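The following exercises invite the reader to examine a protein model with its ligands. Each task is followed by a solution that proceeds step by step.

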Amino acid sequence: MFNNRRSDRQLHLALTLGDPAGIGPEIALKALANPDLNKKLTGSNVKVTIIGDRHQLESHFAVLNKLSCEPLADPEIITILDLATNLEVEIGQGSKSSGAASFKYLDTAIAQTLAGKFSGIVTAPIAKSYWQMAGHSYPGQTELLAERSNTQKFGMMFVAKSPHTDWVLKTLLATVHIPLAAVTQTLTPELITWKLDLLRRSLKTDFGIDRPRLAVAGINPHSGEDGNLGHEEKDWLRDLLSNYQQKYPEVELSAPIPPDTMWVNPGKAWHDSAKTHLGYDAYLAMYHDQGLIPVKLLGFEQAVNTTIGLPFVRTSPDHGTAFDIAGKGIASADSLIAAIELAAALVVRRHETQKV
Ligand SMILES: NC(=O)C1=CN([C@@H]2O[C@H](COP(=O)(O)OP(=O)(O)OC[C@H]3O[C@@H](n4cnc5c(N)ncnc54)[C@H](O)[C@@H]3O)[C@@H](O)[C@H]2O)C=CC1
Ligand SMILES: NCC(=O)COP(=O)(O)O
């Protein structure tokens, strides 16, 4: 997605299949058949191994092959770490079995990555509800990745390159998978401070941005309108951000920006090449939908979910399991392709930086 640097040694990415009843297997087969992606992976010296069930891939392949859809990779010849779970899965219908399978794929990928076999993991989507049904109480893949790698401070960031202008929208969520009613008590000065620290570090390490321009959203409508529409900005957020700016003068911090208008300029930078200067290096949104509605509206097919703060690279498409269209041949692999491209660029960059 960002550079075509070549690693001096072959680097390995794990690609987990996600929920086998969803579109994960289909988009994996489409992505691995994509000539542009394969050219980039070969050029960067990065190899992808699927972690899942060969049997599940073959069932999807058999169904999709009867439809006239995009080219698919042949499951016979792709590199796969076959976990052969032998679970019964009905395409389009998530279940306890499909939840158990997708959990096992990711758990194995993490263990193998921590053991040094892979430099990064790309995850196809899972359904949180079926993880719960299978007895795995994690809000999402992000939290499992963090727990298994013993990471306390991590963040969910979405990275999307505009197909119109090449400008890159980066959005970190301050809170993620919690009910809306829990957002304001979860947002604290400590949380925002370490999320900003994580963001600064990721922009520097992964994107080479030393002097970032950051936009931070307010929490309340109009950023509280001087306490009339909510008090958090007045009580602590404004002071915290101004102290942060003083502590890190190399960061240009615009904040707190009223959460609705914050997305006007990135929208212009996304669509109009003459206006990319209006875009900031990154945006900090206070809760899931404050960040993800604009991200998906602008770049549903381009956006990539990346977990920052982990000891290895992790990316994922921005969408879910899409059970409603699984097995129909119409799922777009674009976001997964972008996720693989970004993961490849990040592992090469980290490998090259560590050598210096
Ligand atoms: N990274 C992950 O593992 C994610 C998982 N999910 C999970 O996915 C499940 C379903 O969630 P929803 O909110 O319905 O979101 P969804 O993204 O699965 O589907 C929303 C709509 O977008 C369409 N869509 C999604 N991906 C598409 C693609 N690649 N090509 C064409 N159309 C596509 C679907 O058909 C559906 O109409 C939930 O259980 C949720 O937990 C949701 C988001 C991310
Ligand atoms: N809405 C984003 C999302 O659900 C990603 O979840 P996960 O990557 O933690 O599984």
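**Exercise 1. A salt bridge between neighbours**

Task: Determine whether Arg148 is buried or exposed to some degree, and identify its salt-bridge partner.

Solution. The structure is a predicted model. Step 1: Arg148 has a relative accessibility of 33%, and partly exposed residues lie between the limits of 20% and 50%, so Arg148 counts as partly exposed. Step 2: the side chain of Arg148 meets that of Glu147 in a salt bridge, with an N to O distance of 3.0 Å. Step 3: Glu147, at 46% relative accessibility, is likewise classed as partly exposed.

**Exercise 2. A salt bridge between two strands**

Task: Establish which residue pairs with Glu252 in a salt bridge, and classify the accessibility of Glu252.

Solution. Step 1: the partner of Glu252 is Arg213, and their closest N and O atoms are 3.6 Å apart. With a cut-off of 4 Å, this distance qualifies as a salt bridge. Step 2: the pair links distant parts of the chain, since Glu252 belongs to strand 8 (residues 252–257) and Arg213 to strand 7 (residues 213–217), 39 residues apart. Step 3: Glu252 has a relative accessible area of 39% and is partly exposed. Arg213, at 26% relative accessibility, is also partly exposed.

**Exercise 3. A salt bridge within a helix**

Task: Explain why Lys30 and Glu26 are separated by about one helical turn, and determine whether each is buried or exposed.

Solution. Step 1: a salt bridge joins Lys30 to Glu26, with 2.7 Å between the closest N and O atoms. Step 2: both residues lie in helix 1 (residues 24–32) and are four residues apart, which means that about one helical turn separates them. In general, an α-helix has 3.6 residues a turn, so residues three or four places apart point the same way. Step 3: Lys30 has a relative accessibility of 2% and counts as buried. Glu26, at 0%, is buried as well. Step 4: Glu26, Lys30 and Glu70 form one network through salt bridges that share partners. The count of salt bridges in the model comes to 11.

**Exercise 4. The surroundings of helix 6**

Task: Find which residues of helix 6 are buried, and which elements cover them.

Solution. Step 1: the buried residues of helix 6 are Gln141, Thr142, Glu143, Leu144, Leu145 and Ala146. Step 2: six of the eight residues are therefore buried, and helix 6 is largely enclosed by the rest of the structure. Step 3: the cover includes helix 4 (96–114), helix 5, strand 4 (120–123), strand 5 (155–161), strand 10 (304–308) and strand 11 (313–317). Step 4: just after helix 6, Asn150 adopts a positive phi of about 55°. Step 5: the loop between helix 5 (128–133) and helix 6 (141–148) holds His136. Apart from neighbours within four places in sequence, His136 is in contact with Phe103 and Trp131. The C-alpha atom of His136 lies 37 Å from that of Gly230, a residue 94 places away along the chain.

**Exercise 5. The shell around ligand 1**

Task: State how many residues surround ligand 1, and describe the shell by residue class.

Solution. Step 1: ligand 1 is surrounded by 16 residues, of which the closest are Lys128, Gly320, Ala322, Asp324 and Ser332. Step 2: by class, eight are nonpolar, six polar and two charged. Step 3: oxygen atoms of ligand 1 lie 2.6 Å from a backbone N or O atom of Gly320 and 2.8 Å from one of Ala322. For Asp324, an N or O atom of the side chain is 2.9 Å from a ligand 1 oxygen. Step 4: ligand 1 exposes 810 Å² when taken alone, and the protein buries 65% of that area.

**Exercise 6. The shell around ligand 2**

Task: Identify the elements that give two or more residues to the shell around ligand 2.

Solution. Step 1: the residues around ligand 2 include Lys128, Gln141, Thr142, Met156, Phe158, His288 and Leu292. Step 2: side-chain N or O atoms lie at 2.6 Å from a ligand 2 oxygen for Thr142, at 3.1 Å for Asn305 and at 2.9 Å for Arg314. Step 3: the protein covers 89% of the 310 Å² of accessible area that ligand 2 has on its own. Step 4: the elements sought are helix 6, strand 5 and helix 11 (288–299). Step 5: the shell has three nonpolar, six polar and two charged residues.

Notes. Residues numbered from 1 in each chain as written. Chains lettered and ligands numbered in written order. Predicted model: local features only at pLDDT ≥ 70, side-chain atom pairs only at ≥ 80, totals over all residues. Heavy atoms only, no water. Buried < 20%, exposed > 50% of the residue type's maximum accessible area, 1.4 Å probe, protein only. Near = heavy atom within 4 Å. Polar contact = N/O pair within 3.5 Å; in protein donor to acceptor, adjacent residues only side chain to side chain. Areas by Shrake-Rupley, 256 points an atom, 1.4 Å probe, with all protein chains shown as cover. Nonpolar A, V, L, I, M, F, W, Y, C, P; charged D, E, K, R; others polar. Contact = heavy atoms within 4.5 Å.
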